[in-house]
Amino acid sequence: MSILALPKAPTGISGFDDVTGGGVPRGRPTLVCGPAGCGKTLFAMEFLVRGITEFDEPGVFVAFEESAGDLVANVASLGFDLAQLESDGKLVVDHVNVPTGALDEVGEWDLEGLFLRLGATIDAIGAKRVVIDTIEVLFGAFSNTAVLRSELRRLFEWLKDRGVTAVITGERGDGALTRHGIEEYVSDCVIVLDHRVTEQTSTRRLRILKYRGSSHGTNEYPFLIGKSGISVLPVTSVGLQHHASTERISSGVARLDAMLGEEGFFKGSAILVSGTAGTGKSMLAAQFCDAACRRGERAMYFAFEESEAEIVRNMASVNIDLAQWVDAGLLRFHCFRPNLLGLEGHLFETLRLVGEFDPAVIVKDPVSDLLRLGTEVDVSAMLTRLVDFLKSRGITSLFSCLTSEVERSGAQHIASLVDTWLQVQTIVGNGEHNRVLYVLKARGMANSNQIREFLITGQGIELADVYVGDEGVLTGSARQAQEAKERAAGLAREDDLEQRGVELTRRRESVEAQVAVLWRDFETESELVERLLSNGSVGVEDRAGQRAAQGRLRRADPDDVLAIRRNLPVGT
Amino acid sequence: MSIGTRASTPTAEDTEIWSLRLYVAGQSPRSLNALANLTQLCEQHLAGRHDIETIDLVDDPSRARDDDILAIPTLIRRLPLPERKIIGDLSDIPRTLAALRLRPAVAG
């Protein structure tokens, strides 16, 4: 810590220390003001209790309003066991009974009694923290307000001198932060709590009006009083510093993954699926969860229009068995009407549930239902925080949204928040309407620009082959007709080939037959020739013999002559 | 300082014991003034029938809880009942008497 940095005392109140960069100013008084029922007393008490339990700083609670018994009972529901802390000597709840109606005042007086009493209590337990709730009650008891004011100023100075970190509560007045303007004495840190009802939804808000010597967010931060005390929900207090994962996860639809650069969504990204009613958004969402569970990851499904049983049944009809994941503890449903909680309550509940279950993916189906919970600005702010929160935890989120709602600016806003935007719509034509899906936006990945027909089959969602006709992508029966046509053309080609094959075989057979005939002729001829060749010499010898034989037959010569002539080889 | 005349016959009121308690803080001027003023008042108007208990919160701050003491000095009329609480250094005797609902003793 640098020398210049103002030392701070962490309150331990969830989220508050984030938005103040460490808590309230240490050793100085902080004013917490707001209307009745805004949670001032609880804030102050939590500051003390967490100071004791988490930071080992004993504390004194000076109650001017509620009796000690009431206080103990009121915070017991939040799990604060004041009696135990008191018996441990870490906490003193000192209830100061302020007389109703002005006291008789004669002459000069001061609040030394309060100082001494408080000082003794602080010393008794070595308190580092002090709460004074609500000191303005004193204005009802003392008629000389000039003296009272100067004494209060002295009180705050005294607290500062003692080095205790103090929280002083004050009730909001007309046109002023506090009814009696005590904010002018507590100048280091002023926190305003508020409790507003807009459009039938109540929202608690916290604002840091002033924090001397420290940077702080000036936004109004929603806060909730939950089962474990106050939770302040920071609006992107950390800025955009999410870890960007390059890891990809499947959408659950193989061909959709292919459209998204072959690999699916980025892990930890936010996905919007928008479309008109009945386009299969919920099914896409459920299949996304199914894919996560198949990978052994946990998935959380927030449904605002259907019950768990309905979703499981509907998905079972397309053979996607979600019940097995529920049984295996991988999938958890939270089905409720969004107006049950209110906008901030919704965000808080999501944060709490996600914190508990630690899922890898979540689905909000449909996020457009949330738009009815507040003004567009509120919804946008809430969604921003939701997406930031999920991203910071590396949770991949899928939001479905009715297209008609996307037109509203609140939903437009989510379109700019998300990383991937899939649009599902129906195309009407040829007397039918068909579902198509396309990627409107996909940050940081190569993606398909194609409009794909989207089929709900017996095995969930599938993307059909693309048929591009004269009028663009063909869908439904036009696609089927095209498929049939292509199939028919294919068959014809097949027939043709087969025919050609047969012809070729036949030709080969005929060629072979012809060759065989030619061979046969040739062989006959060659046989003859060979025979002739081998018989040639015999013929020459025979001619003489033949002639002799002929002569004998003709009786031309006497036998002896014939014999002589036979012995004469030439010249005959 | 007398406020008119009154019947001098002693009544129950005139004889009952007044029990007073004064909370002070050490030797602060206001504390000392208050004690001095109270003592004077009692001697004048409650002669012989008063009992003053002085509690110094500097010595024992926890005593402040007994009567929910915030302001110093604080005077408590414990008896006669009902209890009454007066703050301040009691520098104005007539107002103190009025606040204590104490009828001034007849002058003289």
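# Exercises on a two-chain predicted model

Strand S6 (residues 104–105) of chain A pairs with S4(B) in the parallel sense over two bridges. Helices (H or I, at least four residues) and strands (E, at least two) are DSSP runs, numbered from the N terminus, and two strands pair if DSSP finds at least two bridges between them.

This is a predicted model, in which local features need pLDDT of at least 70 and side-chain atom pairs count only at pLDDT 80 or more, while totals for chains, interfaces and linings use all residues. Residues are numbered from 1 along each chain as its sequence is written, chains are lettered from A in the order in which they are written, and side-chain values use heavy atoms, with hydrogens and water left out.

## Exercise 1: the shared sheet

Task. Determine the order of the strands in the open sheet of five strands, and state which strands stand at the edges.

Solution.

Step 1. Begin with the link between the chains: Ile87(B), in S4(B), is the bridge partner of Glu105(A).

Step 2. Within chain B, strand S1 (residues 18–24) and strand S3 (residues 74–79) pair in the antiparallel sense over five bridges. Leu20(B) stands opposite Arg77(B) in S3(B).

Step 3. The complete order is S6(A)-S4(B)-S3(B)-S1(B)-S2(B), and the pairing is mixed.

Step 4. The edges are S6 of chain A and strand S2 (50–56) of chain B; each has a single partner strand, so one side of each is left without a neighbour in the sheet. Strands of a sheet pair through backbone hydrogen bonds, either parallel or antiparallel.

## Exercise 2: the interface

Task. Describe the interface of chain B and chain A by its contacts, its buried area and its polar contacts.

Solution.

Step 1. Count the residues: 25 residues of chain B are in contact (heavy atoms within 4.5 Å) with 25 residues of chain A.

Step 2. Consider the area. The two chains bury about 2,100 Å² between them, 58% of it on carbon and sulfur atoms; buried area is the accessible area (1.4 Å probe) that two parts lose on being put together, summed over both. On the side of chain B, the residues that lose the most area to chain A are Arg65(B), Leu70(B) and Ile87(B), together 34% of what that side buries.

Step 3. Turn to the charged pairs. There are five salt bridges between the chains, each a side-chain nitrogen of Lys or Arg within 4 Å of a carboxyl oxygen of Asp or Glu. One of them joins Arg65(B) to Asp94(A), with the closest N and O atoms 3.7 Å apart.

Step 4. Add the polar contacts. The interface has 14 residue pairs of this kind, both residues at pLDDT 80 or more. A polar contact is a pair of N or O atoms within 3.5 Å; within protein, one must be able to donate a hydrogen and the other to accept it, and residues adjacent in sequence count only if both atoms are side-chain atoms.

Step 5. Locate the contributing elements. Strand S4 (84–87) and helix H3 (93–100) of chain B each supply at least two residues of the side that touches chain A. S4(B) gives the most to that side, with four residues.

## Exercise 3: a residue inside chain A

Task. Is Leu437(A) buried or exposed, and with which residues is Leu437(A) in contact?

Solution.

Step 1. Place the residue: Leu437(A) belongs to strand S21 (residues 432–442) of chain A.

Step 2. Leu437(A) has a relative accessible area of 1% and is buried. Buried means under 20% relative accessible area, exposed over 50%, partly exposed in between (1.4 Å probe, protein chains only). Of the 572 residues of chain A, 49% count as buried.

Step 3. Leaving aside neighbours within four places in sequence, the contacts of Leu437(A) include Leu256(A), Met259(A), Leu284(A) and Phe454(A).

## Exercise 4: backbone features in loops

Task. Where do the cis peptide bond of Leu79(B) and Pro80(B) and the positive phi of Asp68(B) lie?

Solution.

Step 1. The cis peptide bond between Leu79(B) and Pro80(B) has an omega of about -5°. Pro80(B) is in the loop between S3 and S4 of chain B.

Step 2. Asp68(B), a residue other than glycine, has a positive phi near 50°. The loop between S2 and S3 of chain B holds Asp68(B), which counts as buried at 16% relative accessibility.
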